[in-house]
Amino acid sequence: AVVSTQSTGEMDGKLDDLTQQIIGRGKLVQEKEEHAKRLREERDKAREKEKKISAELATLKESVNSNRLVRELREELLDEREKFRKLQLESTLFKNAAKEQLEKEKSVNAELRHVSSFSRGRNRSNNNDN
């Protein structure tokens, strides 16, 4: 009878030992699951942060491209203003030259009228002489 009690005692000890091992392993599994869960959460946060950074980068690229476009348009506008200024200057010079030419033509026409009227007057006096 003593042997079977010892055996039962040993069995109880082994059972307790196995129970503790199972509990320990259960805690270990739970810790690992919690750690895996934290890693997944951190991964998800990192992905969200990456998305935000990508969006910000895209916005910055768009802004840089817009700034480049604005700079190019400003340069083009300055070039066009310079062309317009030159055209205005050429137009003014042309108008002045045209006015001078017109004045010369008026002067020549006036002289021709004077000569013509003088010439007619001579012709009349010559006709009267005949």
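User: Why is glutamate 82 called partly exposed in this predicted model?

Analyst: Its relative accessibility is 32%. Buried would need under 20% and exposed over 50%, so glutamate 82, at 32%, falls in between and counts as partly exposed.

User: What makes the pair of arginine 85 and glutamate 82 a salt bridge?

Analyst: Their closest N and O atoms are 2.7 Å apart. The cut-off is 4 Å between a side-chain nitrogen of Lys or Arg and a carboxyl oxygen of Asp or Glu, so the pair qualifies.

User: How do you know that arginine 85 and glutamate 82 are about one helical turn apart?

Analyst: Both sit in helix α1, and they are 3 residues apart, which means a separation of about one helical turn. As for arginine 85, its relative accessible area is 44%; that lies between the limits of 20% and 50%, so arginine 85 is partly exposed.

User: Why is lysine 51 called exposed, and glutamate 48 partly exposed?

Analyst: Lysine 51 has a relative accessible area of 54%. Exposed means over 50%, so lysine 51 passes that limit. Glutamate 48 has 41%, which lies between 20% and 50%, so the label there is partly exposed.

User: What makes lysine 51 and glutamate 48 a salt bridge, and how are they placed in helix α1?

Analyst: The closest N and O atoms of lysine 51 and glutamate 48 are 3.6 Å apart. That is within 4 Å, so a salt bridge is assigned. In helix α1 these two are 3 residues apart, so about one helical turn separates them.

User: Why does the pair of lysine 83 and glutamate 80 count as a salt bridge?

Analyst: Here the closest N and O atoms are 3.5 Å apart, and the rule asks for a distance within 4 Å, so the pair counts. Lysine 83 and glutamate 80 both lie in helix α1, 3 residues apart, about one turn of the helix. Glutamate 80 has a relative accessible area of 40%, so it is partly exposed. By this rule the count comes to 4 salt bridges.

User: What makes the link between asparagine 65 and arginine 68 a polar contact?

Analyst: Their side chains are joined at 3.0 Å. The limit for N or O atoms is 3.5 Å, so this distance fits. Asparagine 65 lies in helix α1, and its relative accessibility of 43% makes it partly exposed, because that value is between 20% and 50%.

User: How do you know that glutamate 76 is accessible enough for the negative patch?

Analyst: Glutamate 76, found in helix α1 (residues 2–129), is partly exposed at 46%. Patch residues need over 30% relative accessible area, so glutamate 76 meets that condition. Glu72, Glu75 and Asp79 gather with Glu76 in this patch of negative charge on the surface.

User: How many helices and strands does the protein chain have, and what percentage of its residues count as buried?

Analyst: There are 1 helix and 0 strands. Of the 130 residues, 0% count as buried. The chain exposes about 12,500 Å², with carbon and sulfur atoms supplying 55% of it.

Notes. Residues are numbered from 1 along each chain as its sequence is written. This is a predicted model: local features need pLDDT of at least 70, side-chain atom pairs count only at pLDDT 80 or more; totals for chains, interfaces and linings use all residues. Side-chain values use heavy atoms; hydrogens and water are left out. Patches are made of residues with over 30% relative accessible area and no salt bridge: like charges are joined within 9 Å, nonpolar side chains (Val, Leu, Ile, Met, Phe, Trp, Tyr) within 5 Å. Accessible areas come from the Shrake-Rupley method with a 1.4 Å probe; for residues, only the protein chains shown count as cover. Lys and Arg count as positive and Asp and Glu as negative; His and the chain ends are not counted. The place of a charge is taken as NZ of Lys, CZ of Arg, CG of Asp or CD of Glu. Helices (H or I, at least four residues) and strands (E, at least two) are DSSP runs, numbered from the N terminus. Buried means under 20% relative accessible area, exposed over 50%, partly exposed in between (1.4 Å probe, protein chains only). A polar contact is a pair of N or O atoms within 3.5 Å; within protein, one must be able to donate a hydrogen and the other to accept it, and residues adjacent in sequence count only if both atoms are side-chain atoms.
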